[in-house]
Every structure is written in C-alpha cells, then in structure tokens.
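Biologist: I should like to learn how to read surface patches and charge pairs in a model. May we take them in turn?

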Amino acid sequence: MMLLFIRIFLVLYGVIAVATGFMGITSSYDPAITDAMQDNNHRYVAAIWASMSLAFFYVAWNPSETALFRFLMIAVFIGGIVRAVALVNYKPTPFLIFLILIELIPTALMFWMHNKLLNSDSL
C-alpha cells in the first residue's frame with residue numbers, strides 16, 4: 001500500500017512538472033510585465049522543471065533508485081518551504097496554500113514511507 005501511494009504521487013508530481021514546465025516554456029512574452037532577462041530565466045527554470053518529470057516517472061517505476069528518489073523529495077520539499085517563506089510578501093490564496101501543502105506533506109510522508117520500505121527490504 002505504501003509503495004502504491006509513493007508511485008501515485010511520483011506520477012502526479014511528474015504530470016505537474018511536465019504541465020507547468022510546458023506552460024512556462026510556451027508562455028507568451030509581454031515586455032509590459034517582465035524584461036528579457038527575467039523571461040529567459042523563467043523559461044530556463046520551466047524547462048528544467050519539465051525535464052524533471054522524466055525523473056519522477058523513472059523513479060515511479062524504479063523505486064529502488066534511492067538517491068534519485070531522495071533528491072526529488074528534498075527538491076520539492078525545499079520548493080514548498082521557499083513558497084511558504086515568500087508568503088510574507090503577499091496575501092496567501094487558498095490555491096497557493098494548496099500548492100505549498102502538496103509540496104510539503106506528501107513529500108515528507110513519501111520520504112518516511114520509502115525509508116520504511118528500504119529498511120524492511122521491500123523495495
């Protein structure tokens with residue numbers, strides 16, 4: 001059951017990564033909102049995020065890849081912390097709270113479950 005939960009969330013994170021990355025890569029450029037450097041950096045980070053979907057999908061089918069799994073969970077968790085800290089700059093919306101929670105709670109849970117499966121030789 002724990003492995004199924006881990007796999008479902010890894011696939012979910014992969015779908016989110018490819019979808020949001022693709023949206024960032026293909027968004028239109030509006031010089032009234034941003035400058036060329038910010039737009040270029042945004043697209044670069046979006047491409048990296050989209051390409052990380054490959055790692056999420058790979059680990060979903062190969063959960064014994066411990067180092068890659070841990071890297072992904074830590075990266076998403078740190079992203080959630082950074083989003084939470086940034087809330088001092090603006091009023092949180094329910095959607096932002098949802099994004100932060102989906103980055104913090106499942107990753108910590110999955111990290112714990114994965115470790116438990118590793119210790120019981122179930123991976």
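Biologist: Which element gives the largest share of the nonpolar patch, and how many residues come from there?

Modeller: This is a predicted model, in which local features need pLDDT of at least 70 and side-chain atom pairs pLDDT 80 or more, while totals for chains, interfaces and linings use all residues. Residues are numbered from 1 along each chain, and side-chain values use heavy atoms, without hydrogens or water. A nonpolar patch joins side chains of Val, Leu, Ile, Met, Phe, Trp or Tyr within 5 Å, each residue having over 30% relative accessible area (Shrake-Rupley, 1.4 Å probe) and no salt bridge. Here, helix α3 (a DSSP run of H or I, at least four residues, numbered from the N terminus) supplies the largest share, 3 residues. The patch covers about 340 Å² and consists of Ile74, Ile78, Val82 and Phe111. Ile78, in helix α3, is partly exposed (20% to 50% relative accessible area; buried is under 20%), because its relative accessibility is 46%.

Biologist: How many salt bridges does a search of the whole structure find?

Modeller: Side chains of opposite charge can pair when their charged atoms come close. The criterion is a Lys or Arg side-chain nitrogen within 4 Å of an Asp or Glu carboxyl oxygen; the search finds 2. In one, Arg43 pairs with Asp39, their closest N and O atoms lying 2.8 Å apart. These two residues are 4 apart in helix α2, so about one helical turn separates them. Arg43 is partly exposed at 21%, whereas Asp39 is buried at 13%.

Biologist: Which residue meets Arg83 in a salt bridge, and what does the pair tie together?

Modeller: Arg83 meets Glu103, with 3.0 Å from N to O. Because Arg83 lies in helix α3 and Glu103 in helix α4, the pair ties together parts 20 residues apart in sequence. Arg83 is partly exposed at 34%, and Glu103 is buried at 14%.

Definitions and conventions
Patches are made of residues with over 30% relative accessible area and no salt bridge: like charges are joined within 9 Å, nonpolar side chains (Val, Leu, Ile, Met, Phe, Trp, Tyr) within 5 Å. Buried means under 20% relative accessible area, exposed over 50%, partly exposed in between (1.4 Å probe, protein chains only).
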